[in-house]
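Here's a quick tour of a protein chain for you to follow along with. Keep the structure open and find each spot as it comes up.

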Amino acid sequence: MASINVKFTQSFSFQLEGTFAVLGVARESSSDFNGAFSVDYSCIPISATAGVDFSPVSGTLSFAENENLKYIEVPIFNDVDLDPMESFIVNLSNLQAPGSTSSSITTSAHSVYIVDKVPEA
């Protein structure tokens, strides 16, 4: 039986304004399916505003046979306002693994917390 489990490598991160959130997505080592697969991702605003605080990226990660790790990059914008910490979530969904008998996303959400840059005096 060939099964695949996919997850974020971390469940949360803190990102400074004006940087990128770089989120790892991995085939779990417990998976015995080594074939190609794909998984969709999208951003969901919580307290951060899409298009103002971060770029709401979405798309599909396509893994080749025996490939175990890919990254999602989310631009975090620098604004001039001192804000309380803001957040959004990146979700994984729609795992497609032709040829596997079972598939699951074990950590489907990654919370990103945006930390303000302190303005220079």
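Let's jump in at strand E1 (residues 3–8), which is joined to E8 by 5 bridges, with the two strands running parallel. Keep in mind that this is a predicted model. The protein chain has 9 strands and 0 helices, so once you've got the hang of strands, here's how they fit together, starting with what surrounds E1.**The whole chain**
- Reading from the N terminus, the elements go β-β-β-β-β-β-β-β-β.
- The C-alpha trace spans about 60 × 20 × 20 Å along its principal axes.
- Of the 121 residues in the protein chain, 37% are buried.
- Take the contacts between residues at least 6 apart in sequence: 70% of them join residues at least 24 apart.
- About 6500 Å² of the protein chain is exposed, and carbon and sulfur atoms supply 52% of that area.

**The sheet around E1**
- Which strands sit together here? An open sheet is formed by 4 strands in the order E6-E3-E1-E8, and the pairing is mixed.
- Strand E6 (69–75) and strand E8 (102–107) are at the edges with a single partner strand each, so each has one side without a neighbour in the sheet.
- On average, neighbouring strands of this sheet are turned by 20° against each other, direction ignored.
- Back on the parallel pair, Asn5 stands opposite Ser104 in E8.
- On its other pairing, E1 meets E3 in the antiparallel sense over 3 bridges.
- E3 is also joined to E6 by 7 bridges, and these two run antiparallel.
- Look for Leu23 here: its bridge partner in E6 is Ile72.

**Ala26 and strand E3**
- E3 is mostly covered, with 6 of its 8 residues buried.
- Ala26 lies in this strand, which covers residues 20–27.
- Is Ala26 buried or exposed? Its relative accessibility is 10%, and the cut-off for buried is under 20%, so Ala26 counts as buried.
- Across the sheet, Lys7 stands opposite Ala26.
- Those two residues are 19 apart along the chain, and their C-alpha atoms are separated by 5.5 Å.
- Leaving aside neighbours within four places in sequence, Ala26 touches Asn5, Val6, Lys7, Thr9, Asn68 and Leu69.

**Strand E4 and its partners**
- E4 pairs with E5 in the antiparallel sense over 6 bridges.
- E4 also pairs with E7, again in the antiparallel sense, over 7 bridges.
- Ser42 is a handy spot for seeing both pairings: Ser42 stands opposite Ser58 in E5, and it also stands opposite Asn91 in E7.

**Ser87 and His110**
- Ser87 is in strand E7 (residues 86–96).
- With a relative accessible area of 11%, Ser87 is buried.
- Setting aside neighbours within four places in sequence, the contacts of Ser87 are Pro45, Ile46, Ser47, Ala48, Val112 and Tyr113.
- Now move to His110, which you'll find in strand E9 (residues 109–115).
- His110 is buried too, as its relative accessible area is 2%.
- What lies 2.8 Å from a polar atom of the side chain of His110? That's the backbone oxygen of Gln10.
- Beyond its neighbours within four places in sequence, His110 is in contact with a list of residues that includes Phe8, Phe12, Leu23, Phe88 and Val90.

**Aromatic rings**
- The structure holds 4 aromatic pairs.
- In one pair, the ring centres of Phe54 and Phe88 are 3.9 Å apart and the planes are at 10°, so the pair is stacked.
- This pair links distant parts of the chain, with the two positions 34 residues apart in numbering: Phe54 is in the loop between strand E4 (37–45) and strand E5 (58–63), while Phe88 is in strand E7.
- Both Phe54 and Phe88 are buried.
- Elsewhere, Phe12, Phe14 and Tyr113 form one aromatic cluster.

Key
Residues are numbered from 1 along each chain as its sequence is written. This is a predicted model: local features need pLDDT of at least 70, side-chain atom pairs count only at pLDDT 80 or more; totals for chains, interfaces and linings use all residues. Side-chain values use heavy atoms; hydrogens and water are left out. Buried means under 20% relative accessible area, exposed over 50%, partly exposed in between (1.4 Å probe, protein chains only). Contact means heavy atoms within 4.5 Å. A polar contact is a pair of N or O atoms within 3.5 Å; within protein, one must be able to donate a hydrogen and the other to accept it, and residues adjacent in sequence count only if both atoms are side-chain atoms. Rings of Phe, Tyr and Trp (its six-membered ring) pair if their centres lie within 6.5 Å; planes under 30 degrees apart count as stacked, over 60 as edge-to-face and the rest as tilted. Two strands pair if DSSP finds at least two bridges between them. Axes are lines fitted to C-alpha atoms, for helices over the stretch in contact, and angles run from 0 to 180 degrees between N-to-C directions. Accessible areas come from the Shrake-Rupley method with a 1.4 Å probe; for residues, only the protein chains shown count as cover.
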